[in-house]
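Colleague: I would like to learn how to read salt bridges, helix faces and loop contacts in a model. Could you take me through them one at a time?

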Amino acid sequence: MSAYVERNLWRETTPERFEATPLGGDASADLVIVGGGLTGCSTALHAAQRGLDVRLLEAEHVAHGGSGRNVGLVNAGLWMPPDDIEAELGPAVGAQLNEALAGAPAAVFSLIERHGIQCHAVRNGTLHVAHSKSGFEDLRSRHEQQVRRGAPVELLDAGQARARTGTAAIHGALFDPRAGTIEPFAYCAGLARAAVEQGAKLHERTPAQEIRHDGSAWQVHTSSGTIRARALLLATNAYHDSVSGVAGPAFTPVHFFQFATTPLGPGQIDRVLPGQEGCWDTGTVMAAFRRDAAGRLLVGSIGALDHAGSGLHRSWARRKLAVLYPELKDQPLEHAWHGRIAMTRDHLPKIVHLGRDGLAIFGYSGRGIGPGTVFGAAAAEALASGRDDAFPLPVLEGYDERAVGMRERCFEAGAVADHVAWMGRHAFA
Ligand SMILES: Cc1cc2nc3c(=O)[nH]c(=O)nc-3n(C[C@H](O)[C@H](O)[C@H](O)COP(=O)(O)OP(=O)(O)OC[C@H]3O[C@@H](n4cnc5c(N)ncnc54)[C@H](O)[C@@H]3O)c2cc1C
């Protein structure tokens with residue numbers, strides 16, 4: 001078995017602290033939200049701002065799920081290029097989603113500013129880096145698609161990208177100045193705090209156990225009380241704990257791990273991502289790297305750290321560090337953690353009707369900071385007004401995902417195989 005002991009850097013170092021007591025008895029509200037990640041917290045904040053009486057129930061603590069574990073890249077759009085999104089959804093809906101998510105980083109950074117959220121936000125852009133010459137061709141195509149839509153993106157050749165990142169191990173990059181980085185746990189905790197300041201009531205350590213509509217309102221039952229509300233949002237995504245009475249989110253669980261070094265010294269910090277852009281690459285098994293505010297370097301990729309073969313991911317991380325920045329090959333790795341991504345088969349998020357004034361949102365497929373924030377604001381509008389057209393995506397009557405267990409095993413086995421092959425190609429780093 002693996003000797004994995006989780007140390008989530010974001011949770012340990014968060015500058016924003018948020019605590020809420022469990023639900024203590026029955027209550028009623030206009031809107032009950034299940035799940036205290038950034039979809040739930042963004043919805044709570046925006047709904048409370050609209051004057052709704054909001055209750056949010058979180059099974060563990062705010063930011064327990066993907067929202068407190070992610071890389072913190074606040075990107076525009078989804079992982080899929082915009083032409084593919086329009087091909088999948090049709091030109092009109094695809095264009096609407098592309099446009100809404102092009103503005104997602106602006107929505108995130110303006111919320112951070114407006115509510116004074118302490119999450120070390122850095123809006124210096126992100127770099128989508130080419131991990132190979134063919135990866136650069138992918139970036140060239142993405143660049144062309146974005147420019148056609150008026151995005152201020154810039155294609156950097158190998159020399160420019162190397163100067164920008166301080167690593168010789170990349171073949172070019174696509175720079176997006178709209179984007180940036182945040183410390184995700186702190187961002188989510190800050191949204192929760194802002195929601196409470198606007199009048200929302202949040203309860204941690206309060207798992208929803210059963211959800212029913214009694215003909216006139218939703219009833220969310222927990223072991224310490226029941227909330228009765230006209231409207232319901234299920235925002236449990238990849239961390240959904242079983243709840244009876246409603247269909248849970250359907251997705252394939254895919255893990256993503258991260259390792260963080262100890263803080264770099266003054267001589268090193270000037271050479272490693274001096275502009276502090278967040279980076280992700282063009283690999284089929286995607287890798288990401290960035291710095292935090294204390295000067296640690298983080299590297300991560302697809303994979304879980306809690307199974308017998310996961311030592312290979314740790315070896316990959318060590319080697320990746322040495323290939324990207326040879327002077328860091330012996331830099332200690334102090335933090336290691338992973339998180340679960342809700343992947344859908346078309347890589348598009350899903351918004352699903354659960355019944356009258358009831359919605360579930362899930363399936364961000366690894367790109368949820370901007371989309372979760374934007375969909376949270378839209379959910380507040382939709383659930384206040386009863387209008388589904390508040391969302392930039394159609395609301396579905398149901399969604400199912402097939403062969404989930406097999407696809408999950410394929411993702412993990414594929415990531416291990418890819419990391420082993422990559423280490424073989426970089427054996428002397
Ligand atoms: C490792 C990793 C890296 C990622 N990197 C990025 C990135 O760099 N950029 C980006 O945009 N996106 C990234 N993502 C995706 C992004 O983090 C997620 O899409 C987003 O956080 C989802 O937010 P959420 O609020 O919908 O779900 P979550 O944050 O998972 O929140 C769901 C919450 O529901 C609670 N819950 C579950 N069941 C119940 C119940 N029965 N009762 C009450 N509460 C319940 C859980 O405890 C959890 O807190 C990454 C994801 C992971 C895992």
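Colleague: Is Asp-138 buried, exposed or partly exposed?

Modeller: This is a predicted model, and in it Asp-138 counts as partly exposed because its relative accessibility is 28%, which lies between the limits of 20% and 50%. Its salt-bridge partner is Arg-142, with the closest N and O atoms 3.3 Å apart, and Arg-142 counts as buried because its relative accessibility is 10%.

Colleague: Where do Asp-138 and Arg-142 lie, and how many residues apart are they?

Modeller: The general idea is that an α-helix has 3.6 residues a turn, so residues three or four places apart point the same way. In this case Asp-138 and Arg-142 both belong to helix α6, and they are four residues apart, about one turn of the helix.

Colleague: Which parts does the salt bridge between Arg-271 and Glu-327 tie together?

Modeller: The side chains of Arg-271 and Glu-327 meet at 3.3 Å, N to O. Arg-271 sits in the loop between α9 (266-269) and β13 (278-281), while Glu-327 sits in the loop between α10 (311-324) and β16 (333-343), so the pair ties together parts that are 56 residues apart in sequence. Arg-271 is partly exposed at 45% relative accessibility, and Glu-327 is also partly exposed, with a relative accessible area of 37%.

Colleague: Which residues are joined into one network by salt bridges that share partners?

Modeller: The network is made up of Asp-83, Glu-86, Glu-144, Arg-148 and Arg-149, in a structure that holds 24 salt bridges. Within the network, Glu-86 and Arg-149 meet through their side chains at 3.0 Å, N to O. Since Glu-86 lies in helix α3 and Arg-149 in the loop between α6 (133-148) and β5 (154-156), this pair ties together parts that are 63 residues apart in sequence. Arg-149 counts as partly exposed, at 31% relative accessibility.

Colleague: Let us turn to helix faces. Which residues of α4 are buried, and why do they line one face of the helix?

Modeller: The buried residues of α4 are Gly-94, Leu-97, Asn-98 and Leu-101. They line one face because, seen down the axis of α4, they fall within an arc of 100°. On the other side of α4, Ala-92 and Glu-99 are exposed. The buried residues pack against α3 (82-89), α5 (104-114) and α11 (369-385). The helix itself covers residues 91-102, and its 12 residues reach 16 Å from the first C-alpha to the last, close to the 16 Å expected at 1.5 Å a residue.

Colleague: How should I read a loop residue, and what does Ala-247 touch beyond its neighbours within four places in sequence?

Modeller: It helps to set position in sequence beside position in space. Ala-247 is found in the loop between β11 (225-234) and β12 (252-261), and, with those neighbours left aside, it is in contact with Leu-234 and Leu-354. Ala-247 and Val-352 are 105 residues apart in sequence, and their C-alpha atoms are 9.7 Å apart in space. Ala-247 is exposed, with a relative accessible area of 56%.

Colleague: How many Å apart in space are Lys-329 and Asn-237?

Modeller: Their C-alpha atoms are 36 Å apart, with their places 92 residues apart in sequence, counted from one to the other. Lys-329 lies in the loop between α10 and β16, where it counts as partly exposed at 42% relative accessibility. Not counting residues up to four places away in sequence, Lys-329 touches Arg-318 and Ala-322.

Definitions and conventions. Residues numbered from 1 in each chain as written. Predicted model: local features only at pLDDT ≥ 70, side-chain atom pairs only at ≥ 80, totals over all residues. Heavy atoms only, no water. Helix = DSSP H or I, 4+ residues; strand = E, 2+ residues; numbered from the N terminus. Expected span 1.5 Å × (residues − 1). Buried < 20%, exposed > 50% of the residue type's maximum accessible area, 1.4 Å probe, protein only. Arc of directions from axis to C-beta. Contact = heavy atoms within 4.5 Å. Salt bridge = Lys/Arg side-chain N within 4 Å of Asp/Glu carboxyl O.
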